[in-house]
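Trainee: Could we go through this model together? I would like to ask about it piece by piece.
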Amino acid sequence: MRLVILDEYNLASEWAAKYIRNKIIQFQPSADKYFTLGLPTGSTPFGCYQKLIEYYKNGDISFKYVKTFNMDEYVGLPRAHPESYHSYMWNNFFKHIDIDPANAHILDGNADDLDAECQAFEKKIAEAGGIELFVGGIGPDGHIAFNEPGSSLVSRTRVKTLAKDTIVANARFFGNDLSKVPTMALTVGVGTVMDAKEVMILITGAHKAFALYKAIEEGVNHMWTVSAFQQHPRTIFVCDEDATLELRVKTVKYFKGTVCTQRLFGGGDECISW
């Protein structure tokens, strides 16, 4: 487990985007060897997506041989709704890069059989060879994807009822009208993400500070599902200074001393020791 601390949100977003870019380039994807990337939605990864679009437009990276699998989608929200995660991903990322639409996998929250949709999603991941890098974000209560507090830490893709805290947090995307916020979602499980070869979790802002503390400094707890990734052999938490407000000073100093952020900005990740 590694914790990368950047001064502010934009730098954290740039670090994460460069890490993704470098991983894809080093993988050397081709028609016979696709890079598989797990992706989140929400406000936190937006800056990362903007940088990846910039790298694509500059000719630094191609997504032609990349397959993506998104973490979650609301149940019952029309695909064309501006707050659906289909809309989010296409408006903020996919339509700006050269990914084949057939390779951008997002759960269908309007499927006739939601359980079958979840099982099919797991099958698609397996058929793609598993996820090389799963990028995630968390809520203030430490949930990753829609694995709400109390979720099984070995869970798979499934239908999930959203916690009241999550509904309240997401109300800002629905005009602050709680009645318009979906109450159920399809989500990958904690176990689904844990199966990835590598996991990168983005945590920014003071409102996520306690969740980062729970993820880093306390034990694994199903009430803080992000804490499960302490047990993954290759997890990177990427955060800004504001998100470290609840961490011990010695914790911050330790991780600042173990990760060579400047070398990554220069193009490599070999300075990160696991």
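Trainee: Is Phe210 buried, partly exposed or exposed?

Mentor: Phe210 is partly exposed, because its relative accessible area comes to 37%, which is above the 20% under which a residue counts as buried and not over the 50% needed for exposed. Keep in mind throughout that this is a predicted model.

Trainee: And which ring does Phe210 pair with?

Mentor: The partner of Phe210 is Trp224: the two ring centres are 5.5 Å apart and the planes stand at 70°, so the pair is edge-to-face. Phe210 belongs to helix 7 (residues 209-216), whereas Trp224 lies in the loop between helix 7 and strand 10 (235-240), and the pair thus links distant parts of the chain, 14 residues apart. Trp224 itself is buried, since its relative accessible area is 16%.

Trainee: Where is Val220, then?

Mentor: Val220 is also placed in the loop between helix 7 and strand 10, and it counts as partly exposed because its relative accessibility is 36%. From Val220 to Lys180 the C-alpha distance is 34 Å, with the two positions 40 residues apart in sequence numbering.

Trainee: Back to aromatics: how many aromatic pairs does the structure hold?

Mentor: There are 16 aromatic pairs in the structure. One of them joins Phe63 and Phe93, with 5.6 Å from centre to centre and 85° between the planes, which is an edge-to-face arrangement. Phe63 sits in the loop between helix 2 (46-57) and strand 3, and Phe93 in the loop between helix 3 (85-92) and strand 5, so that pair links distant parts of the chain, 30 residues apart.

Trainee: Are Phe63 and Phe93 buried or exposed?

Mentor: Both Phe63 and Phe93 are buried. They also belong to one aromatic cluster, in which they are joined by Tyr49, Tyr88, Trp90 and Phe94.

Trainee: Which rings have a charged end sitting over them?

Mentor: Among them is the ring of Tyr55, where the charged end of Arg21 sits 4.9 Å from the ring centre. Another is the ring of Tyr34, over which the charged end of Lys67 sits, again with 4.9 Å to the centre.

Trainee: Let me change topic to the sheet. In what order do the strands come?

Mentor: The open sheet is formed by 7 strands in the order 1-10-9-6-2-3-5, and their pairing is parallel. Its edges are strand 1 (2-6) and strand 5 (104-105), each of which pairs on one side only.

Trainee: How many bridges hold strand 2 and strand 3 together?

Mentor: Strand 2 (residues 35-39) pairs with strand 3 (residues 66-70) over 5 bridges, in the parallel sense, and within that pairing Leu39 has Asn70 of strand 3 as its bridge partner.

Trainee: Which strands run antiparallel to strand 8?

Mentor: Strand 4 (residues 72-74) runs antiparallel to strand 8 (residues 184-187) and is joined to it by 3 bridges, with Tyr74 bridging to Ala185 of strand 8. Strand 7 (residues 158-161) is likewise antiparallel to strand 8, joined by 4 bridges, and there Val159 has Leu186 as its bridge partner.

Trainee: What about cysteines: how many disulfides does the count come to?

Mentor: The count comes to 0 disulfides.

Trainee: Why is Cys239 too far for a bond?

Mentor: The closest cysteine sulfur to that of Cys239 is in Cys48, and because the distance is 15 Å, the two are too far apart for a bond, given that a disulfide needs sulfur atoms within 2.5 Å. Cys239 counts as buried because its relative accessibility is 0%, and Cys118, at 2% relative accessibility, counts as buried as well.

Trainee: Zooming out, how many helices and strands does the chain have?

Mentor: The protein chain has 9 helices and 10 strands. Its radius of gyration is 18 Å, close to the 19 Å that the globule rule gives for 274 residues, so the chain is as compact as a globular protein of that length. Along the principal axes, the C-alpha atoms fill a box of roughly 50 × 40 × 35 Å, and 57% of the 274 residues count as buried.

Trainee: Last one: which residues does the UniProt domain annotation cover?

Mentor: According to the unreviewed UniProt entry, the annotation "domain: Glucosamine/galactosamine-6-phosphate isomerase" covers residues 16-232. In the model, that span is 30% helix and 16% strand, and its end C-alpha atoms lie 18 Å apart.

Definitions and conventions:
Residues are numbered from 1 along each chain as its sequence is written. This is a predicted model: local features need pLDDT of at least 70, side-chain atom pairs count only at pLDDT 80 or more; totals for chains, interfaces and linings use all residues. Side-chain values use heavy atoms; hydrogens and water are left out. UniProt positions are given in the numbering used here, feature names are shortened, and annotations may be inferred rather than shown by experiment. Helices (H or I, at least four residues) and strands (E, at least two) are DSSP runs, numbered from the N terminus. Two strands pair if DSSP finds at least two bridges between them. Buried means under 20% relative accessible area, exposed over 50%, partly exposed in between (1.4 Å probe, protein chains only). Rings of Phe, Tyr and Trp (its six-membered ring) pair if their centres lie within 6.5 Å; planes under 30 degrees apart count as stacked, over 60 as edge-to-face and the rest as tilted. A charge sits over a ring if NZ of Lys or CZ of Arg is within 6 Å of the ring centre and within 35 degrees of the ring normal. The radius of gyration is taken over C-alpha atoms; the globule rule is 2.2 Å times the number of residues to the power 0.38.
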